[in-house]
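Reader: I keep meeting labels in descriptions of protein structures. Could you go through some of them and say what each one rests on?

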Amino acid sequence: MTREEMIETYRQWVFRMSAYQMALSIIEIDRSTVAPPAGASYRDERSAYLAGEAYSIMMDPKMLEIVNILKEDEQVDPVVRRGCQLYAIRLGNSLSFPKEKFVAQSMLFNQAYDAWLKAKQNNDYSIFEPYLKKIIESRREEYSCRNSDLPLYDQMLQDYEPGMTTEKYDAFFSAVTDRLVPLIHKVTEAEQIDNSFLHQEYPIEGQKKFMEHLLSYLHFDPSWGYQNETEHPFTSWTCQNDCRTTTKYIHDDVSSAILSTIHEAGHAWYQHNIDPAFDGMILSDGVSCGMHESQSRLLENHLGRSVSFWKANYPVLQEIFPSQLKDVTLDQFVAAINVAEPSLVRTEADELTYPLHIAIRYEIEKGLFNGTISTEHLDETWNAMYEKYLGVKAEQASMGILQDVHWSSGSFGYFPTYALGSAYAAQFVHTMEQQIPVHTLLEENRFDEIEAWLKENIHRHGCYLQPQDILKQATGEGADVHYYLDYLCDKYTKLYDLRGE
Ligand SMILES: [Zn+2]
């Protein structure tokens, strides 16, 4: 095959995969939002068939040969070459694991999910424990098939965040716990901030009206984005100009839908701003889980919880909910949405205590794979770590070790990216504030100018650059956790008036 023929074969292969991918994404979005439940089995069978077809197209050993040749060929367009590089990794990893083992593993994940659900409902870790043990064995087997010199858990970490290793995460989390554990302790001892007014009755109708305003403030344009409702908010997409987000309304918590809307808009903006030339290719995605999460948390925490953001938006919220908020000042409102309080459930944690939830999961995952922690009595290990880091203890396993779904599908190495993303966000904001007047722009309803900075420095690259290169190009240096820790220490010292202590 000539070079040109190989490129053409590659392009057709990518196009076919993107067609299946688009169909599967839409089916998945539909299933999670509006699809009537009685049609589930019909849909599930057909979408499983489509997923199988897509998998067969992708897992073509001939294509592995072609991408391996093209990725090394200097005469080939750099965008094609980078795509081939990424496909070579993905295909190489997947093809090393025999298909029958892959099928058996998928079955195990399905059974483990059911067991996890039952265990959670019954508050009984022992129902899930044997499955967790089998999943770890299955992952061990899978990763040992790969042609890699890295330790097993490091390989898993790299699947979610290229370039990250146990050594780097160890340094990251020890910096996080060293600075934040004592700070959280001080915050707990300090005079507490009143946030009770956030938990009055806020009719959903009014919340939806505010969300319309908020989406327009965020320039979340209906020509390329659409918001729906789900139990667990998420963002999905088919291409640059078709991004879907969801939110969840809670009648006695006005901040929940607002902050999840801002968070998901951060993910959607990232996808929307990726170079349109990458559409349909492996490059048309955020480069890593940590980078994606950095964009949602940047919007949610650094912008969406700031005074300047609410200078522009609080009057609208007050107008919609006059009886609930007329006596609450702007500063009281912003303080309330920033309250920190150690708690048991990760997904409901505040900005300050959140990374400790992740540090605990990271230590457990690492221990499970290096053999220092066993699945037996893992609920007790979990509880002991929560007491150590956050001073709280789960009375029920559903609020403790069984709260997250991730491990039932074998997702190990994913959790750490949530904390890493927060740290990337702080570092980006530090640079952005030196280059554009972020807070003036927020106050003056000029959010699009902030988005333009994010697009230019982060979003447009998609997967073309590695996370570390994006960080270096945007901020002038590699990842540095101190920006994140300084930001949190500064913010919470002021908020809880801890100076002089
Ligand atoms: Zn997110």
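**Labels and their reasons**

Author: Tyr-217 and Phe-447 are both buried. Keep in mind that this is a predicted model.

Reader: What kind of pair do Tyr-217 and Phe-447 form?

Author: Tyr-217 and Phe-447 form a tilted aromatic pair, with 6.2 Å from centre to centre and 40° between the planes. Ring centres must lie within 6.5 Å, and planes under 30 degrees apart count as stacked, over 60 as edge-to-face and the rest as tilted, so the label follows from the two values. The pair links distant parts of the chain, since Tyr-217 is in helix 9 and Phe-447 is in helix 19, 230 residues apart.

Reader: How many aromatic pairs does the structure hold?

Author: The structure holds 31 aromatic pairs. One of them joins Tyr-153 and Tyr-362, at 6.2 Å centre to centre and 35° between the planes, and is tilted. Tyr-153 belongs to helix 7 and Tyr-362 to helix 15, 209 residues apart. Both Tyr-153 and Tyr-362 are buried.

Reader: Why is the arrangement around the zinc ion called irregular?

Author: The four donor atoms subtend angles of 49 to 126°. A tetrahedral site needs all angles between 85 and 135 degrees, and 49° falls outside that range, so the site is not tetrahedral. A square planar site needs opposite donors over 155 degrees apart, which 126° does not reach, so the arrangement counts as irregular.

Reader: Which protein atoms are the donors of the zinc ion?

Author: They are NE2 of His-263, NE2 of His-267 and, listed twice, an OE atom of Glu-293, at 2.1 to 2.8 Å from the ion. Along the chain the donors follow the spacing H-x3-H-x25-E. His-267 is in helix 10 and Glu-293 in helix 11, so this pair ties together parts 26 residues apart in sequence. His-267 and Glu-293 are both buried.

Reader: How do you know that Arg-179 forms a salt bridge with Asp-486?

Author: The closest N and O atoms of Arg-179 and Asp-486 are 2.8 Å apart. The limit is 4 Å, so the pair qualifies. Arg-179 is in helix 8 and Asp-486 in helix 21, so the contact ties together parts 307 residues apart in sequence. In general, side chains of opposite charge can pair when their charged atoms come close.

Reader: Are Arg-179 and Asp-486 buried or partly exposed?

Author: Arg-179 has a relative accessible area of 31%, and Asp-486 has 40%. Buried means under 20% and exposed means over 50%, so Arg-179 is partly exposed, and so is Asp-486.

Reader: What makes Asp-242 buried, and what makes Arg-244 partly exposed?

Author: Asp-242 has a relative accessible area of 18%, under the 20% limit, so it is buried. Arg-244, at 23%, lies between 20% and 50%, so it counts as partly exposed. The side chains of Asp-242 and Arg-244 meet in a salt bridge, 2.5 Å from N to O.

Reader: How far apart in helix 21 are Lys-494 and Asp-490?

Author: Lys-494 and Asp-490 are four residues apart in helix 21, which means about one helical turn. Lys-494 and Asp-490 form a salt bridge, with their closest N and O atoms 3.2 Å apart.

Reader: What makes Arg-297 count as lying over the face of Tyr-354?

Author: Arg-297 is 4.3 Å from the ring centre of Tyr-354 and lies over its face. The distance limit is 6 Å, so 4.3 Å meets that part of the test.

Key: Residues are numbered from 1 along each chain as its sequence is written. This is a predicted model: local features need pLDDT of at least 70, side-chain atom pairs count only at pLDDT 80 or more; totals for chains, interfaces and linings use all residues. Side-chain values use heavy atoms; hydrogens and water are left out. Donors are N, O and S atoms within 2.8 Å of the metal (3.2 Å for Na, K and Ca); water is not among the atoms, so sites may look incomplete. Four donors count as tetrahedral if all angles lie between 85 and 135 degrees; four count as square planar and six as octahedral if opposite donors are over 155 degrees apart and all others between 65 and 115; anything else is irregular. Helices (H or I, at least four residues) and strands (E, at least two) are DSSP runs, numbered from the N terminus. Buried means under 20% relative accessible area, exposed over 50%, partly exposed in between (1.4 Å probe, protein chains only). Rings of Phe, Tyr and Trp (its six-membered ring) pair if their centres lie within 6.5 Å; planes under 30 degrees apart count as stacked, over 60 as edge-to-face and the rest as tilted. A charge sits over a ring if NZ of Lys or CZ of Arg is within 6 Å of the ring centre and within 35 degrees of the ring normal.
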